[in-house]
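Grab a pencil and have a look at the chain below. We'll work through its sheet strand by strand.

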Amino acid sequence: MAKRTAKKGSSRSVRLSADRLQKGWPGPAGTRVRLATAVDTDVVDSLLDTAGAPLIPALRSSIEQGTAGAALLNGLDGTTSTFFEDFARRTAGHSMANSMASVSLTLVAADEQDQPIGALSVTAPGTIIERAMSHGYSDVQALTLSVAIGKVHGLAVAEEARGQGIASFLLKRAWQVYHQLDYFLLYGSFEIDRDLGAFYKDCGYTVHAPGEGFLLDRLNLPFGIHAGPDQCVFTRWRHPR
């Protein structure tokens, strides 16, 4: 993986905080975009299921236990170094599922009654982690990719609330969180019959041709991600500094 150094104890200003992420921001159509909580999981799961990507069971359990995204939250209130160290603590002696949940971000767009009408789930890059292990990386080495790459697992908005910019706002806030924590890449995929290419391009992502994958050589990884013939992959890389 590409070498990245973090200035330990850096005092650089933090644009977001854990508190802001939990309380949220005013969003389109009178919504508030915030971190998902335990009381949201049934609705979030139902929303994401309409996009064919229900909540990953282990992540749902972590949201209900209040531990989902814990490393992200600590990183937002600290430094990049804080984030790396916190994730390392959550890796040693813990299940891979719990470690991955600590860097997963589940956002909701809640209406005036605080009911989710939109949801976004970004997870650790499970497929890339599995591929890394198949290429001889240890479990810990592969899991470390969770602090460099995020996977857009699912994004959905209730039918009656579509067309108001809620989905793009959710993606924008997720990118802001991961960008602040120095992630290199967010990626995901969609089935070509959903015709979402223009949407993701407008949100700043590169949309690859149907069936086309991408390489991870920017991270010095000797493999890439492949797409099925009925899928389009979308990627957003961090600009070099």
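Here come three short exercises, each with a worked solution.

This is a predicted model, where local features need pLDDT of at least 70, side-chain atom pairs count only at pLDDT 80 or more, and totals for chains, interfaces and linings use all residues. Residues are numbered from 1 along each chain as its sequence is written, and side-chain values use heavy atoms, with hydrogens and water left out.

**Exercise 1.** Work out the strand order of the sheet and name its edge strands.

*Solution.* Start with the terms: strands (E, at least two residues) and helices (H or I, at least four residues) are DSSP runs, numbered from the N terminus. Two strands pair if DSSP finds at least two bridges between them. Next, follow the pairs: 8 strands make an open sheet, ordered S1-S2-S3-S4-S5-S6-S10-S7, with mixed pairing. At the edges sit S1 (25-26) and S7 (206-207), each pairing on one side only.

**Exercise 2.** Trace the pairings at both edges, with a bridge partner for each.

*Solution.* Begin at S1: 2 bridges join it to S2 (residues 32-35), and the two run antiparallel. Pro26 has Arg32 in S2 as its bridge partner. S1 and S2 form a hairpin with 5 residues between them, and Ala29 in the turn has a positive phi of about 55°. Now go to S7, which pairs with S10 (residues 231-237) in the antiparallel sense over 2 bridges. Here Thr206 has Thr235 in S10 as its bridge partner.

**Exercise 3.** How many bridges join S2 to S3?

*Solution.* Count 4 bridges, with the strands running antiparallel. Leu35, for one, has Leu107 in S3 as its bridge partner.
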